[in-house]
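Here's a quick briefing for your next look at this one. Have the viewer open and follow along.

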Amino acid sequence: MEHATHAPFAADGQHHPSKFHIFVQIAMILAAITGVEIVLVYLPLAKWLIIGSLAVLSLVKFLLVIFYFMHLKWDKAFCTVLFFIGLILGGGTLWALLLLFSAESSLPPVDEISSLITLYAHNLA
């Protein structure tokens, strides 16, 4: 009787690492990437290079986490598709809200602000 805790052996006799070993390796890779990110921030490089590098490293970390720690790698492809549909919808909503609240038309006019300040100062006196 075999126990599930032992590392599985393939039919060809090769030893394959267990999920625990894969998780530890991924955690070490994530820690190394985080260290690179911290060092990268303090290097005297161009801002576009630092921000671009941080974005790429964050994307790599995100993909490692969702595929290994969220088990998308071992799930059905349908679950991955559902995850990315939700991610796209959430990202689109965030993008639309950022554009909506950064539009100049959503800001109050300067005349209205100055009249409110005057009214507030008059009420205090």
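What follows is a short tour of helix packing, one charged pair and a surface patch.

Keep in mind that this is a predicted model. Helix H2, residues 47–69, turns up under each topic: H2 crosses helix H3, holds one partner of a salt bridge and includes a residue of the nonpolar patch.

**Helix packing**
- Two packed helices are described by the angle between their axes and the distance between the axes.
- For H2 and H3 (residues 77–102), the axes come within 12 Å and cross at roughly 135 degrees.
- That angle doesn't go over 145, the cut-off for roughly antiparallel, so H2 and H3 count as oblique to each other.
- As for handedness, the crossing of H2 past H3 is right-handed.

**The charged pair**
- Side chains of opposite charge can pair when their charged atoms come close.
- The count of salt bridges here comes to one.
- Lys61 and Glu37 form the bridge, and their closest N and O atoms sit 3.1 Å apart.
- Lys61 belongs to H2 and Glu37 to helix H1 (residues 19–42), so the pair ties together parts 24 residues apart in sequence.
- Is Glu37 buried or exposed? Glu37 is buried, because its relative accessible area is 11% and the cut-off is under 20%.

**The nonpolar patch**
- Val39, Leu43, Leu45, Trp48 and Leu49 make a nonpolar surface patch of about 500 Å².
- Leu49, one of these residues, has its place in H2.
- With a relative accessible area of 33%, Leu49 is partly exposed, and so it clears the over 30% needed for a patch.

Note on methods:
Residues are numbered from 1 along each chain as its sequence is written. This is a predicted model: local features need pLDDT of at least 70, side-chain atom pairs count only at pLDDT 80 or more; totals for chains, interfaces and linings use all residues. Side-chain values use heavy atoms; hydrogens and water are left out. Patches are made of residues with over 30% relative accessible area and no salt bridge: like charges are joined within 9 Å, nonpolar side chains (Val, Leu, Ile, Met, Phe, Trp, Tyr) within 5 Å. Accessible areas come from the Shrake-Rupley method with a 1.4 Å probe; for residues, only the protein chains shown count as cover. A salt bridge is a side-chain nitrogen of Lys or Arg within 4 Å of a carboxyl oxygen of Asp or Glu. Helices (H or I, at least four residues) and strands (E, at least two) are DSSP runs, numbered from the N terminus. Buried means under 20% relative accessible area, exposed over 50%, partly exposed in between (1.4 Å probe, protein chains only). Axes are lines fitted to C-alpha atoms, for helices over the stretch in contact, and angles run from 0 to 180 degrees between N-to-C directions. Angles under 35 degrees count as roughly parallel, over 145 as roughly antiparallel, 65 to 115 as roughly perpendicular and the rest as oblique. A crossing is left-handed if the near helix is turned anticlockwise from the far one by less than a right angle, and right-handed if clockwise.
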